[in-house]
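Reader: I've got a two-chain model open and I'd like to walk through it with you. Could you take my questions one by one?

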Amino acid sequence: MKRKMEGYTERRTVLVVEDNDMNREILCDLLEDDFNVLQAENGVVGLLTLEEHGSDIAMVLLDVYMPLCDGFTFLERKRESGRFDSVPVIVMTASDSVDDEIRCLKLGATDFITKPYNIEVMKNRMMSLIRLQESSAMLNRLELDELTRLYSKEFFFHNASIVLQSNPDGRYDIVCCDVENFRTMNERYGRLQCDRFLHDLAGWLPQVLPGMILGGRLGADVFAFLTEHQEQDWTEILKNAHFQPGPEQQAMKFSIKYGVAQDIDREISISNSCDRATLALRQIKGRFNTPVAVYDEEMRRMQLREHQLVEFAEPAIENREFQIYYQPKHNLESDATGGAEALVRWIHPQLGFISPGMFIPLFEKNGFITKLDFYIWEEVCRELRKLLDEGIPAVPISVNVSRMDFESVDLAEKIATLADKYNLDHSLLHIELTESIAGDNPELIAKTLERLHENGFIIELDDFGSGYSSLTSLNTLTLDVLKLDMSIIRHASATSDYSILRYAVLLAEGMRLKTVAEGVETADQVAALKVLGCDYIQGYYYSKPLPGPEFEKYIAARCA
Amino acid sequence: MTIPELYERIGGSYESAKKILPMDKMIAKFVQRFLTDKSAEKLFAAHESGDETGMFEGSHALKGVCANLGMNELSRLASEISEEYRPGNAKTMSPEQVEQRFADLKALYDKTIAGIQEFAAQQ
């Protein structure tokens, strides 16, 4: 009995690249009912077949290990040629070679399936990828967006740049417009009504924008318009523009935000000008009564500064611009310093002090954080070694690990090697992580924490109670210390209601976790925390974060 | 000999084979095709000459072919060898252990081939 796949009438051609004759034959036998199958016994033949048949080939099924030209090389050459980017590739791998899979995906493979094949899963996955590819290719060919009759994104960029090119002296503005919480509106009013709304809005906007030249739909509810440059302030222009939806959408509650890039820079692309306009727009999202924002010098400076910081980061490590400060943790029971947290400061020779709140998110975005973290860990190890060598009582120092650090599978071993390099007892290094990290990949995080524990490190959970807290993470992660976020402390002391704090400490006790209260500033707070049974206190009441030499003096005086 | 009997005889999993090759006719075809597959030959030759790349390629191919035919134990033994010789992997077996794997693999392979030959003769 031959089972045809339902709903697919047109037979697509697929190319099977596999060196083993038998595996290739099996695959061809399995596929030939539903596809035209071309075969290649290695990557070179595969590339030649691709050249010959071009985009008639709807998909490539690729083996990894082949003599002459393996799957990796095939992917590399395919990408270099650039002509077959639209042909998706499914890589066939053995179930135990995750590294191969990742490498293939990085080289541009679309997906992978593991051997031995499950033919039904495979055919369905193939068809859905082929259809996805075909429909996105179709979309790219559409010049006008069907719903709004504005240009589609690519055509808007293209046509707007032609306007600029043909008018070398013209000055232009870009106005981007976004319907706030459109997704929620879709949920609330239904797709049909909301589409109608967008259609009408896209028809209305060109009538109210002065000097209007052309418009495009950049995203679901984001439109962009190229207009002649307006001397008048756009805030004024748009102040009195009120969109009236059609009779059936009268009841809709909506808010429209505009972001403007004025007198756009010819040196940058239209797409970049749109980015600037939407950057301005993002600043006023959720802000009631502020419908218009114009991209200005301040935003530009901000953008440049971010760019600069990323650029300066690498040399900053070499020039030792990142300095480690240590904030002591006071042990309430022994009334002595019981540890410290390492915090990073960036002092740039030209820019001066740069706040971690500014650079950490940037480094988390571009991945530099892993390098910075490692640098900090090493500096902390060096400091601990120094304390020990100089006979100053060494207290455990906690260092922060970021989400991206956990992506390295040998994180525990890396830190252990570092500690060993400085001949440190592992219990002197505490690892702080935030709860939000655990949300991403709880199993991986739990496993890494276990390995850190096996290596003798102490784990502290940072920011407990700051908004991400969940009891699940307390259950799934093996922890030693709970750090209570300063917001709970502040809330308790501001309202004189210590109940949340009390339960947090009780919870920790019940789970045999030590507690550290962060951001403690007053004697009253200390007294209350002592009564509640909190173990350690970190905060300005005892000490601000101190640079190395001052920290050494501080503990020399308090631990002796 | 029926196909389930053949699998019984060579210690393979008929269920696994059936999942990949949905019809008995296909299983029969490819099981016999296995007699001419060169992966094992290549592996044993590479082992003879101490060619590690060849051992990886041969065992990796054999592992894939056997997995497709539901010869899971053979596939597993081939997989152990391919992991040992995968470029970049650290060696985890002693020379004696490696030899033992090859001996086990050879014995099972020979038994499988003999079974298939008998099956083929009756077709």
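Author: Sure, and keep in mind that this is a predicted model. Let's start with one residue, T227(A), which has 20 other C-beta atoms within 10 Å. A residue counts as buried at 20 or more, so T227(A) is buried.

Reader: Where does T227(A) sit in the secondary structure of chain A?

Author: Residue 227 falls inside a run that covers residues 222–228 of chain A. That run is a strand, and its name is β9.

Reader: Which residue is 15 positions from T227(A) in sequence but 4.3 Å away in space, C-alpha to C-alpha?

Author: Leave out residues up to four places away in sequence, and T227(A) touches a group that includes Y172(A), D173(A), V175(A), L209(A) and P210(A). G211(A), M212(A) and I213(A) are also among those contacts. The one with the 15-residue separation and the 4.3 Å distance is M212(A).

Reader: Now the backbone. What is phi of N181(A), roughly?

Author: Most residues other than glycine have a negative phi. N181(A) is not a glycine, yet its phi is positive. The residue lies in the loop between β7 (172–179) and α7 (182–189) of chain A. Its phi is near 50°.

Reader: How do N181(A) and N423(A) come out on burial?

Author: N423(A) also has a positive phi, about 55°, without being a glycine, and its place is in the loop between α14 (411–421) and β16 (429–434) of chain A. N181(A) has 16 C-beta neighbours inside 10 Å, so it counts as partly exposed. N423(A) has 10 other C-beta atoms within 10 Å, which means it is exposed.

Reader: On to the sheet of five strands in chain A: which strands are at its edges?

Author: The sheet is open, with parallel pairing and the order β2-β1-β3-β4-β5. An edge strand here pairs on one side only. That picks out β2 (35–40) and β5 (111–115).

Reader: And by how much are neighbouring strands of that sheet turned against each other on average?

Author: Direction is ignored for this figure. The average over neighbouring strands of the sheet is 25°.

Reader: Which residue of β5(A) stands opposite T93(A)?

Author: Strand β4(A) takes in residues 89–94, and it pairs with β5(A) in the parallel sense over five bridges. Across from T93(A), in β5(A), you'll find T114(A).

Reader: What angle does helix α2 of chain A make with β1(A)?

Author: Helix α2(A), residues 43–53, packs on the sheet and touches β1 (12–17), β2 and β3 (57–63). Taking the direction of the helix against that of β1(A), the angle is about 160°.

Reader: Let's go to the interface. Which helix of chain A gives the most to the side that touches chain B?

Author: In total, 14 residues of chain A are in contact with 16 residues of chain B. By class, the chain A side has eight nonpolar, three polar and three charged residues. Five residues come from the helix at 21–31, and that helix is α1(A).

Reader: Are α1(A) and α3(B) roughly parallel or antiparallel?

Author: α3(B) runs over residues 24–33, and the two helices pack at about 165° with their axes 11 Å apart. Angles over 145 degrees count as roughly antiparallel, so α1(A) and α3(B) are roughly antiparallel.

Reader: Which residues of α3(B) make that contact, and what is the class mix?

Author: The crossing is right-handed. From α1(A) come M22(A), E25(A), I26(A) and D29(A), and from α3(B) come M26(B), F30(B) and R33(B). The mix is four nonpolar, no polar and three charged residues.

Reader: What is the handedness of the crossing between α1(A) and α5(B)?

Author: α5(B) covers residues 52–68, and the axes come within 9 Å and cross at roughly 35°. M22(A), N23(A) and I26(A) meet G64(B), V65(B) and N68(B) there. By class the contact has three nonpolar, three polar and no charged residues. The crossing is left-handed.

Reader: Last one: how many helices and strands does chain B have?

Author: Along the sequence, the pattern is α-α-α-α-α-α-α. Of the 123 residues in chain B, 38% are buried. The count is seven helices and zero strands.

Definitions and conventions:
Residues are numbered from 1 along each chain as its sequence is written. Chains are lettered from A and ligands numbered from 1 in the order in which they are written. This is a predicted model: local features need pLDDT of at least 70, side-chain atom pairs count only at pLDDT 80 or more; totals for chains, interfaces and linings use all residues. Two residues are in contact if their C-beta atoms, placed from the backbone, lie within 7 Å. Helices (H or I, at least four residues) and strands (E, at least two) are DSSP runs, numbered from the N terminus. Ala, Val, Leu, Ile, Met, Phe, Trp, Tyr, Cys and Pro count as nonpolar, Asp, Glu, Lys and Arg as charged, and the others, Gly among them, as polar. Two strands pair if DSSP finds at least two bridges between them. Axes are lines fitted to C-alpha atoms, for helices over the stretch in contact, and angles run from 0 to 180 degrees between N-to-C directions. Angles under 35 degrees count as roughly parallel, over 145 as roughly antiparallel, 65 to 115 as roughly perpendicular and the rest as oblique. A crossing is left-handed if the near helix is turned anticlockwise from the far one by less than a right angle, and right-handed if clockwise. A residue is buried if 20 or more other C-beta atoms lie within 10 Å of its own, exposed if 12 or fewer, and partly exposed in between; C-beta atoms are placed from the backbone.
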